[in-house]
Amino acid sequence: MNVLEKCYAYTRADEVRAADFYPYYPIFDGADQDGGVARVDGRSMTNLGSGDYRSFTHHPQVRQAAREAIDHWGTSATDSRLLSGNLALHEQLEGELADFYGAEAALVYSAGYLANLGAVSALAGRGEAVVLDQQAHASLIDGAQLARAQGAAMKFFSRNDASSLHRTLTELSTTPTLVCVSGLHSMEGDIAALPDLLQIADHHGATLLVDDAHGLGVLGRGRGSIAHHALDGQIPLTTVSFSKSLASQGGAVLADRKVIDFLRHTSRPAMFSAGLAPASTAAALTALRLLTNQPTAPRALALAARLRTALAEMGYSVPTGSGPVIPVRFADEYMLLLSHRMLTNHGIYSNPILPPGAEGPQLRLIVTDAHTDESITACLEVFAHLRDDLVETPSA
């Protein structure tokens, strides 16, 4: 059998396209920072689907830093950092990231996905184990699968459930274990119970890794979910992504100096990928400095609280939460795709999420600092207008 036969037999996307419900890979063509507006598939829309929480992507200082980096270093690092692609700019970003998080050291990767993949696959191997929150990001799961290929055990515990983690770690007994969780969940929008999870991990001698991709810049006066819980200096491993609040791309692992040195010489995504592009590195560094100099809660949190409360009062199925990510749940895939289409037709862009990306069909709404009271009011008017067509009781 030809390995490509599965590709030609795959029809699901075509079926959804034929029904005129296909929502993925929309084409974005520029954005207007004022009010969180973007041009999507040729239309100007309120963008409730962007992870640019602090609205730094269009910040003049961030854009200028990217231009100057290209002028100085060119457009590419041209090689792996292990060899000839290690820029002074990378080292500078690592130092300031470590200071920002109160860690001894950091290691920058060319993608946030690679930071998780590289850390987990390098730190767990034969005779060890990786335990993940059942809704952990795909990059953590893939890292654990690579670790499993090297002989590590791989297990899951119920999402954000310390009792479930305790039971799982008890089963592993004395096996050296890496526990991976998200500080602020990218789909459900809730904040991890890090104090409880850390206590359980410590009790069993396990090592906790917190993926703070969505917490950075949002929680803890910008310093993430760990600072939000006043756990500074107590989490052994933190990973971050630059594609959210740092208005760039790339990612990093933060840990003790010896751990980072180990990853620099064993983590395959770090050793065998080209270094992060100069413009992206400079953009992330400048956004980080903006966060450092503006240690205030993002405006998005208050706006998101208003949106979440109002949607729930209208009868939409919205779980409680306190972050800028708001999931709106639907009974089935059809209702989700229909709702996405209707909102799009009324000028609101959102993220349609299907399992396994989330626990059930849902729209992910993301509020950023680019939104205003007026833009949230306009969105709520659309949701109110469409309420009778969109509200259904989710399946049990």
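**Figure 1. Salt bridges between helices α4 and α10.** The count of salt bridges comes to 15 in this predicted model. One of them pairs Glu-91 with Arg-264, with 3.8 Å between the closest N and O atoms. Because Glu-91 belongs to helix α4 (residues 88–101) and Arg-264 to helix α10 (residues 257–266), this pair ties together parts that are 173 residues apart in sequence. Glu-91 counts as partly exposed because its relative accessibility is 35%. Arg-264, at 29% relative accessibility, is also partly exposed. Arg-264 forms a salt bridge with Glu-94 as well, where the closest N and O atoms are 3.9 Å apart. This pair, too, links distant parts of the chain, with Glu-94 in helix α4 and Arg-264 in helix α10, 170 residues apart. Glu-94 is buried, its relative accessible area being 5%.

**Figure 2. The salt bridge between Arg-306 and Asp-373.** The closest N and O atoms of Arg-306 and Asp-373 are 3.8 Å apart, and the two residues form a salt bridge. Distant parts of the chain are linked by this pair: Arg-306 lies in helix α13 (residues 299–314) and Asp-373 in helix α15 (residues 373–390), 67 residues apart. How accessible is each partner? Arg-306 has a relative accessibility of 32% and therefore counts as partly exposed. Asp-373 is partly exposed at 46% relative accessibility.

**Figure 3. The salt-bridge network around Arg-264.** Arg-81, Glu-91, Glu-94 and Arg-264 are joined into one network by salt bridges that share partners. Within this network, Arg-264 is bridged to Glu-91 at 3.8 Å between the closest N and O atoms, and to Glu-94 at 3.9 Å. The two glutamates fall on either side of the 20% relative accessible area under which a residue is called buried: Glu-94 has 5% and is buried, whereas Glu-91 has 35% and is partly exposed.

**Figure 4. An edge-to-face pair of Phe-28 and Tyr-349.** Searching the whole structure gives 5 aromatic pairs. In one of these, the ring centres of Phe-28 and Tyr-349 are 5.3 Å apart and the ring planes stand at 90°, so the pair is edge-to-face. The pair links distant parts of the chain, as Phe-28 is in strand β1 (residues 28–32) and Tyr-349 in strand β12 (residues 348–349), 321 residues apart. Which of the two rings belongs to a buried residue, and which to a partly exposed one? Tyr-349 is buried, with 8% relative accessible area. Phe-28 is partly exposed, with 40%.

**Figure 5. Arg-17 over the ring of Tyr-22.** The ring of Tyr-22 has the charged end of Arg-17 over it. The distance from that charged end to the ring centre is 4.5 Å.

**Figure 6. Strand β7 and the strands paired with it.** Strand β7 (residues 177–182) is mostly covered, with 6 of its 6 residues buried. Both of its faces are covered: one side carries Thr-177, Val-179 and Val-181, the other Leu-178, Cys-180 and Ser-182, and all of these are buried. With which strands does β7 pair in the parallel sense? One is β5 (residues 129–133), which pairs with β7 over 4 bridges. Another is β8 (residues 207–211), which pairs with β7 over 5 bridges. On the β5 side, Ala-129 stands opposite Thr-177. On the β8 side, Thr-207 is the bridge partner of Leu-178.

**Figure 7. The surroundings of Thr-177.** Thr-177 is placed in strand β7. Its relative accessibility is 7%, so Thr-177 counts as buried. Ala-129 is the residue opposite Thr-177. The C-alpha atoms of Thr-177 and Ala-153 are 8.9 Å apart in space, with the two positions 24 residues apart in sequence numbering.

**Figure 8. A nonpolar surface patch.** Which residues form this patch on the surface? Val-3, Leu-4 and Tyr-8 do, and together they have about 380 Å² of accessible area. Val-3 is found in the segment before α1 (5–9). With a relative accessible area of 60%, Val-3 is exposed, because a residue over 50% falls in that class.

How values were computed:
Residues numbered from 1 in each chain as written. Predicted model: local features only at pLDDT ≥ 70, side-chain atom pairs only at ≥ 80, totals over all residues. Heavy atoms only, no water. Patch = residues over 30% accessible without salt bridge, like charges linked within 9 Å, V, L, I, M, F, W, Y side chains within 5 Å. Areas by Shrake-Rupley, 256 points an atom, 1.4 Å probe, with all protein chains shown as cover. Salt bridge = Lys/Arg side-chain N within 4 Å of Asp/Glu carboxyl O. Helix = DSSP H or I, 4+ residues; strand = E, 2+ residues; numbered from the N terminus. Buried < 20%, exposed > 50% of the residue type's maximum accessible area, 1.4 Å probe, protein only. Phe/Tyr/Trp six-rings, centres within 6.5 Å; stacked < 30°, edge-to-face > 60°. Lys NZ or Arg CZ within 6 Å of the ring centre and 35° of its normal. Pairing = 2+ DSSP bridges.
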